[in-house]
Each structure stands twice: as structure tokens, then as C-alpha cells.
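The following exercises are to be worked with the sequence and the structure at hand. Each task is followed by a solution in steps.

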Number of protein chains: 2
Amino acid sequence: MKPAQITQWYGCPTRYAAGIFGDKWCFLILRDVLLLGRRTYSDFLNAPEGISTNILANRLAKLEEAKMLDRQTDPRKASRVCYFPTRKARDVLPALLSMMVWSTLYDEGTEAPASFAEAYRSDPNKTLAWYEAEIDRVDAEILGSAR
Amino acid sequence: MKPAQITQWYGCPTRYAAGIFGDKWCFLILRDVLLLGRRTYSDFLNAPEGISTNILANRLAKLEEAKMLDRQTDPRKASRVCYFPTRKARDVLPALLSMMVWSTLYDEGTEAPASFAEAYRSDPNKTLAWYEAEIDRVDAEILGSAR
DNA sequence: ATATCCACTTGCAAAATGAAAGAGGATTTG
DNA sequence: CAAATCCTCTTTCATTTTGCAAGTGGATAT
């Protein structure tokens, strides 16, 4: 019934994680930023899930306050805003990819190729590095146009 | 701006995961079952987070329908009910442990020892096997008392 | 036989969400 | 230069979800 001494501290780390992941929209915004290269308000707003604009504003503020997103005006166009993933958000990638692997196993309607789960299992660091590079590339493409 | 060909299918696996993890209470019930050895309605109800009873009933039904929990009457006492984690739920462990590692990195008030993150990083399979064994132990302790 | 335990259900007030319209500044267009 | 448009939000209001408290009904303990 009681799993040994672990009981004392197990609760907390998941509770902290639940504070951010335990919300559908935060979860999907993180996906947008980490995996889909979305950065601007309208990018998020036009995602196929159809978040409504007041909720989006609310969640972006929450994620910014949690230091997951870094809000900056877009150097390409000052009326636009970009939300960049912080290191704290990037470090969510392993968990996010693990969840994706799980989904590909149990969602019979998954769009992900079987090779994805296999690749992540065989060499997670390689997969991880690839995604980090993609994030760098997207950010650099935006910020690089500043000068 | 557009991360190559990945865009087509990336959305889906995370959306599927968001359907279950993107809810604070489902998330915490899974933690209870997978990490804290909780199995009965009152176990969940008495967790320190304080879920209210109607929400708990609703989420247990949802998780049962999603085939994450297996509802059975308790062999120790027929008026009691046990919710056992299915294989599908157990397979969430890698993602859950990854999230815990992330939490220990960024939650300055974490109760988890630093050794946890280190242990999981150095040998995830060992950590994973340990948790699976704990789950087996809890389940066997309940079901074993049947005969 | 009565009280208690246990897994829920119900009713209701408060909070969160979703849809739609609008505000206000920057940018493009004519 | 003026008008229209783009873009990030804000506001309003109806609907849905949540949380709290009390209640139900069957099994179990006394």
C-alpha cells in the first residue's frame, strides 16, 4: 500500500509539472513553440485547435510569467510580437518527446510514422539535438533579420 | 518559419497526449496510481491536493474509458473499488519521470533529492524497472489476498 | 438492528471558457 | 498624407465547468 520512503517527496515534482502541463492550452502552445516553429500571437491563434483569443492572451501571460516564454517585439515588424522558448521550455523536450512516443503507441489514428518512436528510442540524444537545432534555426531566422 | 516536412504530423501525437495530460486532475490521478500506490476512491479523494468528489468520479470514468485504469471491486472488501493502472498507463512512466526530472531542475522548492534526476539520467531503464516492480507489488498485495 | 464505511450523485453558487465585437497602435496602400 | 489593414490584445456576455456541501444506497462492522 505504501511505497516505502518515496512517498514523502514524490508528490511535489509532478504537482509542479501539473501546474503547467495540466492545462490543455499551455500544453499545445508549448508544442507549437518547441516543435512547430510557431512564434507569434497569430501563429498560435491560427493553429487548427482553434484557441480563442482571450484564452490565448491569458496563457501566453501565464507562460511568460512561468519563464517558459520570452516575449519580444518582432525585429521584422515592430507591431508584431514573438514568443521565444526559454531554456526552461527547451528542457521540456525530453518529456514532450516521450509523450509523443506514448501517443504513437496508443493512438490508433496517429499521424506519426512508426520510425519516429524507434528513432527516439534508439538514440534520444540525437533526436533531441535535432529539435534543438530546429528551434535555434527558427529563432535565428527571426532575430538574424534585425541587423 | 516552417520547420520542413515535420509540420504535417507533429501536431497529432501531442494533441492526443494533451487529451489526457492536459487536465490537472487526470494528471494527478495518474501520479497517484503510478507513483504513490493509491488505488481506491478514498485514496484519491484524500490526496493532499483536495479533489472534490464529483470531479473525481468524472475523471475516474474518463480514465477508465480511455483504458488507463482498470476498475475492479476490491477482493479484500466487496464494497470497495480498486482502480489499477493498465499497461497503457504504465507506459506513461517514462514521460512522467522525464517531467519529474524537469521539475527538480526548475522548481526551487522541490522535495525531490538531486540524486533522483541523476539516477534517472544515468540509467533510465533501471529506474523504470524499479517503478514497475513497485506497481506490481502494490497490485499483487491487493489481488493476492483474493485466494 | 443500528451505525458506519464507501463509492458515488445531486443541487447550486462561483469561476473558467468560448464566441464575437472592439480598441488602439503600427504598417501598408493609394 | 489619408484611409484601410494588420496585429496584439481587451471587453462583454452566454455557456460550460468547477468546487462545495449535502444526500443516496448498498455493504460492512458493532
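**Exercise 1. Aromatic pairs between the chains**

At 24% relative accessibility, Y16(B) counts as partly exposed. The model is a predicted one.

Task: Determine which residue forms an aromatic pair with Y16(B), and classify the geometry of that pair.

Solution.

Step 1. The partner of Y16(B) is W102(A); the ring centres lie 5.7 Å apart and the planes make an angle of 35 degrees.

Step 2. Planes under 30 degrees apart would count as stacked and planes over 60 as edge-to-face. The pair of W102(A) and Y16(B) is therefore tilted.

Step 3. W102(A) belongs to helix 6 (residues 93-106) of chain A, and Y16(B) to helix 1 (residues 7-21) of chain B, so the pair joins two chains.

Step 4. W102(A) has a relative accessible area of 1% and is buried, whereas Y16(B) is partly exposed.

Task: Identify the aromatic cluster that contains Y16(A) and W102(B).

Solution.

Step 1. Y16(A) and W102(B) form a tilted aromatic pair, at 5.7 Å centre to centre and 35 degrees between the planes.

Step 2. Since Y16(A) lies in helix 1 (residues 7-21) of chain A and W102(B) in helix 6 (residues 93-106) of chain B, this pair joins two chains.

Step 3. Y16(A) is partly exposed at 24% relative accessibility; W102(B), at 1%, is buried.

Step 4. The cluster consists of Y16(A), F21(A), F27(A), W102(B) and Y106(B).

**Exercise 2. The relation between the two copies**

Task: Establish what kind of axis relates chain A to chain B.

Solution.

Step 1. Chain A is superposed on chain B by a rotation of 180 degrees, with a shift of 0.0 Å along the axis and an RMSD of 0.0 Å.

Step 2. This rotation and shift are those of a two-fold axis.

Step 3. Both copies use the same surface, as 98% of the contact residues of chain A recur in chain B.

**Exercise 3. The surface near DNA strand C**

Task: Describe the protein surface near DNA strand C by its residues, its elements and its polar contacts.

Solution.

Step 1. There are 20 residues around DNA strand C, and those that come nearest are R59(A), S42(B), R71(B), R80(B) and Y83(B). Among the strand atoms within 4 Å of the protein, 65% belong to sugar and phosphate.

Step 2. Sorted by class, this surface comprises six nonpolar, nine polar and five charged residues.

Step 3. Two polar side-chain atoms of chain B lie by phosphate oxygens of DNA strand C: one of R71(B) at 2.6 Å and one of K77(B) at 3.5 Å. In chain A, a polar side-chain atom of N54(A) lies 2.9 Å from a base nitrogen of the strand.

Step 4. Two or more residues each are given to this surface by helix 4 (53-65) of chain A and, in chain B, by helix 3 (41-45), helix 4 (53-65) and strand 2 (81-85). Helix 4 of chain A gives the most, with four residues.

**Exercise 4. The surroundings of T127(A)**

Task: Decide whether T127(A) is buried or exposed, and list its contacts beyond its neighbours within four places in sequence.

Solution.

Step 1. T127(A) is located in helix 8 (residues 124-143) of chain A.

Step 2. The relative accessible area of T127(A) is 13%. Buried means under 20%, so T127(A) is buried.

Step 3. Apart from neighbours within four places in sequence, T127(A) is in contact with L97(A), A119(A) and Y120(A).

Methods
Residues numbered from 1 in each chain as written. Chains lettered and ligands numbered in written order. Predicted model: local features only at pLDDT ≥ 70, side-chain atom pairs only at ≥ 80, totals over all residues. Heavy atoms only, no water. Near = heavy atom within 4 Å. Polar contact = N/O pair within 3.5 Å; in protein donor to acceptor, adjacent residues only side chain to side chain. Nonpolar A, V, L, I, M, F, W, Y, C, P; charged D, E, K, R; others polar. Least-squares fit on C-alpha atoms with pLDDT ≥ 70 in both. Contact = heavy atoms within 4.5 Å. Buried < 20%, exposed > 50% of the residue type's maximum accessible area, 1.4 Å probe, protein only. Phe/Tyr/Trp six-rings, centres within 6.5 Å; stacked < 30°, edge-to-face > 60°.
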